[in-house]
Structure formats: structure tokens, C-alpha cells
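Work through the exercises below with the model open. Each task is followed by a solution in steps.

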Amino acid sequence: MKWVLSEYEVCSGQSINYEKFTVFFSSNTSRHLNDTERYLGLPNLVGRRKKMVFQGLKDRFRKKIDNWSTRFLSQEGKEVFIKAILQAIPMYSMMCFLLPKSFCWELESIMA
């Protein structure tokens, strides 16, 4: 495997950081990947349990709401808070993965 990666480095001109890289194999291999591995805050693999995998997004929503004292904001301030802060949280995840509709509805209900 290292020979293949070194050949890749020679051909592409890119170097591999062996402390950060992850290799995925088929499910037929004997050793499996940890479910906790993430890259740029997103899971490396998403299986059938998407709502459970993206639970962290919902937790971040609630944490932001709890940290901000929204009860002291005016109606306009709450609108800016929702548009600038809360709606930005799932954007990168939505660009990479198709989130379940029910999960998106849950995020909308939290914002409401």
C-alpha cells in the first residue's frame, strides 16, 4: 500500500501527510473504520442512520441558542440571529450530503 501511495506522490507531485490521512476499504475487509472519525466536522461515512450521524448539527443549534440570550433581543434582532448564525450552521453539511427531510424539519422547528 505504501508503494502505491509513494507512486501517487511521484506522479501527482503532491505529498501525503501520513498522520492525517485515512484509507477506506470495502465492507468485506476484516478491520472497520471507527464511526467517530470526522473530516472538516463531517462524518467520513454516512450509513442508513443519517439522523443519528447528524445529531451534532442539532446539538450545535441548541448550544448557539442557549449561549445567546435571545429573550432580550427585539423581533428584528432575533431575525438577524436566525439568518446570520443558525441558518449558516448546516450549510456546509447540506453541500456535501443530502440531509433527510424530517431532519431539516426538526432544524426548522428549533429555529421557530
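**Exercise 1. Place K58 in the predicted model and classify its exposure.**

Step 1. K58 belongs to helix α3 of this predicted model.
Step 2. The relative accessibility of K58 is 11%. The cut-off for buried is under 20%, so K58 counts as buried.
Step 3. Setting aside residues within four places in sequence, K58 contacts F103, E106, L107 and I110.

**Exercise 2. Identify the residues of the largest nonpolar core and the helices that supply them.**

Step 1. Twelve residues form this core: F54, L57, F61, F81, L86, I89, L99, F103, C104, L107, I110 and M111.
Step 2. At least two core residues come from each of α3 (55–67), α4 (75–86) and α6 (101–111).
Step 3. The most, five residues, come from α6.
Step 4. For one member, L57, list the contacts beyond four places in sequence: I89, P90, S93, L99 and F103.
Step 5. As background, nonpolar side chains in soluble globular proteins tend to be buried together.

**Exercise 3. Classify C11 and C104 as buried or exposed, and state how many disulfides the chain has.**

Step 1. C11 has a relative accessible area of 66%. Exposed requires over 50%, so C11 is exposed.
Step 2. C104 has a relative accessible area of 18%, and is therefore buried.
Step 3. A disulfide requires cysteine sulfur atoms within 2.5 Å. The count by this rule is zero disulfides.

**Exercise 4. Which ring does the charged end of K2 sit over, and how many aromatic pairs are counted?**

Step 1. The charged end of K2 lies over the ring of Y18, at 5.5 Å from the ring centre.
Step 2. For ring pairs, the centres must lie within 6.5 Å. The count is zero aromatic pairs.

**Exercise 5. Describe the chain as a whole and say where confidence is lowest and highest.**

Step 1. The chain contains six helices and two strands, in the order α-β-β-α-α-α-α-α along the sequence.
Step 2. Of its 112 residues, 17% are buried.
Step 3. Among contacts with a separation of 6 or more, 51% join residues 24 or more positions apart.
Step 4. The mean pLDDT of the chain is 77, and 73% of the residues score at least 70.
Step 5. Confidence is lowest in strand β1 (residues 38–39), with a mean of 62, and highest in helix α1 (residues 2–12), at 88.
Step 6. Predicted coordinates should not be read in detail where pLDDT is low.

Methods: Residues are numbered from 1 along each chain as its sequence is written. This is a predicted model: local features need pLDDT of at least 70, side-chain atom pairs count only at pLDDT 80 or more; totals for chains, interfaces and linings use all residues. Side-chain values use heavy atoms; hydrogens and water are left out. A nonpolar core is a set of buried Ala, Val, Leu, Ile, Met, Phe, Trp, Tyr and Cys residues joined through side-chain atoms within 4.5 Å. Buried means under 20% relative accessible area, exposed over 50%, partly exposed in between (1.4 Å probe, protein chains only). Helices (H or I, at least four residues) and strands (E, at least two) are DSSP runs, numbered from the N terminus. Contact means heavy atoms within 4.5 Å. Rings of Phe, Tyr and Trp (its six-membered ring) pair if their centres lie within 6.5 Å; planes under 30 degrees apart count as stacked, over 60 as edge-to-face and the rest as tilted. A charge sits over a ring if NZ of Lys or CZ of Arg is within 6 Å of the ring centre and within 35 degrees of the ring normal. pLDDT is the predictor's confidence in each residue, from 0 to 100.
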